[in-house]
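Colleague: I'm new to reading models like this one, so could you walk me through it at an easy pace?

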Amino acid sequence: MVSRYSIVQYVPNPIADERINIGVLAFDDNRVCVRFLSNWERVKRFGMEDIHFLKDFASRMEDAAADGLLFPGDSPNETPKQERLIRVVQNWFTAVFKLIDYSSSSE
């Protein structure tokens with residue numbers, strides 16, 4: 001079974017394209033796991049803005065994963081999870097978050 005993971009990054013200024021990792025999303029055909037930072041101070045200093053929206057996003061992602069979903073609003077169907085994730089990321093046109101698929105591994 002193939003497992004995949006994506007790094008969740010915060011990009012406070014899309015023009016500068018500087019980023020900081022804030023979490024990881026790992027999934028296979030049966031499970032979804034997410035982990036986010038426990039200490040957000042570095043992120044707050046990095047973006048120099050209120051990061052409440054990031055913590056809210058992380059909480060919503062954790063709730064979705066607990067239900068076996070990739071992201072809030074995900075609907076399990078015949079479309080593979082990776083394709084659903086790619087579609088939703090392509091629709092995020094604010095560039096606040098970037099998910100980067102670095103690799104896949106086989107179990």
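Modeller: Let us begin with a definition: a residue is called buried when its relative accessible area is under 20%, exposed when over 50%, and partly exposed in between. Please also keep in mind that this is a predicted model.

Colleague: Okay, then is Asp17 buried, partly exposed or exposed?

Modeller: Asp17 has a relative accessible area of 37%, which lies between the two cut-offs, so Asp17 is partly exposed. In the chain, Asp17 sits in the loop between strand 1 and strand 2, the latter covering residues 20-27.

Colleague: And what's the phi of Asp17?

Modeller: Asp17 has a positive phi of about 60°, although Asp17 is not a glycine. That deserves a remark because most residues other than glycine have a negative phi.

Colleague: Which other residue has a positive phi without being glycine?

Modeller: Met48 is one of them, with a phi near 50°. Met48 is also in a loop, the one between helix 1 (41-47) and helix 2 (52-66). With a relative accessible area of 72%, which is over 50%, Met48 is exposed.

Colleague: Switching topic, how many salt bridges turn up in the whole structure?

Modeller: The search of the whole structure finds three salt bridges. As background, side chains of opposite charge can pair when their charged atoms come close. In one of the three, the side chain of Asp17 meets that of Arg19, at 2.4 Å from N to O. Arg19 counts as partly exposed, at 28% relative accessibility.

Colleague: What else does the side chain of Arg19 touch?

Modeller: The side chain of Arg19 makes a polar contact with the side chain of Gln9, at 2.9 Å. The side chain of Gln9 makes a polar contact with the side chain of Asn21 too, at 2.9 Å. Gln9 belongs to strand 1, which covers residues 2-10, and Gln9 counts as buried because its relative accessibility of 4% is under 20%.

Colleague: Back to the salt bridges, which residue does Asp28 pair with?

Modeller: The side chain of Asp28 meets the side chain of Arg31 in a salt bridge, at 3.1 Å from N to O. Asp28 is buried, with a relative accessible area of 5%.

Colleague: And which residue pairs with Asp74?

Modeller: Asp74 forms a salt bridge with Arg84 through their side chains, at 2.8 Å from N to O. Asp74 lies in the loop between helix 2 and helix 3, whereas Arg84 lies in helix 3, so this pair ties together parts that are ten residues apart in sequence. Asp74 is buried, with a relative accessible area of 7%, and Arg84 is buried as well, at 8%.

Colleague: Now for pockets, what's the volume of the largest one?

Modeller: The largest pocket has a volume of about 170 Å³. Eleven residues line this pocket, and the closest to its centre are Asp28, Asp29, Pro80, Lys81 and Gln82. You have already met Asp28 as the salt-bridge partner of Arg31.

Colleague: Which element supplies the largest share of that lining?

Modeller: Helix 3 does, with three residues of the lining of the largest pocket. Helix 3 spans 81-91, and both helix 3 and strand 1 supply at least two residues of the lining.

Colleague: Last one, how does the lining split by class?

Modeller: The lining of the largest pocket has five charged residues, four nonpolar ones and two polar ones.

Methods
Residues numbered from 1 in each chain as written. Predicted model: local features only at pLDDT ≥ 70, side-chain atom pairs only at ≥ 80, totals over all residues. Heavy atoms only, no water. Helix = DSSP H or I, 4+ residues; strand = E, 2+ residues; numbered from the N terminus. Buried < 20%, exposed > 50% of the residue type's maximum accessible area, 1.4 Å probe, protein only. Polar contact = N/O pair within 3.5 Å; in protein donor to acceptor, adjacent residues only side chain to side chain. 1 Å grid on protein atoms, 1.4 Å probe; cavity = no way out; pocket = protein on both sides within 12 Å on 5 of 7 lines; lining within 4 Å. Points joined across faces, edges and corners; volume = space filled by probe spheres on them. Nonpolar A, V, L, I, M, F, W, Y, C, P; charged D, E, K, R; others polar. Salt bridge = Lys/Arg side-chain N within 4 Å of Asp/Glu carboxyl O.
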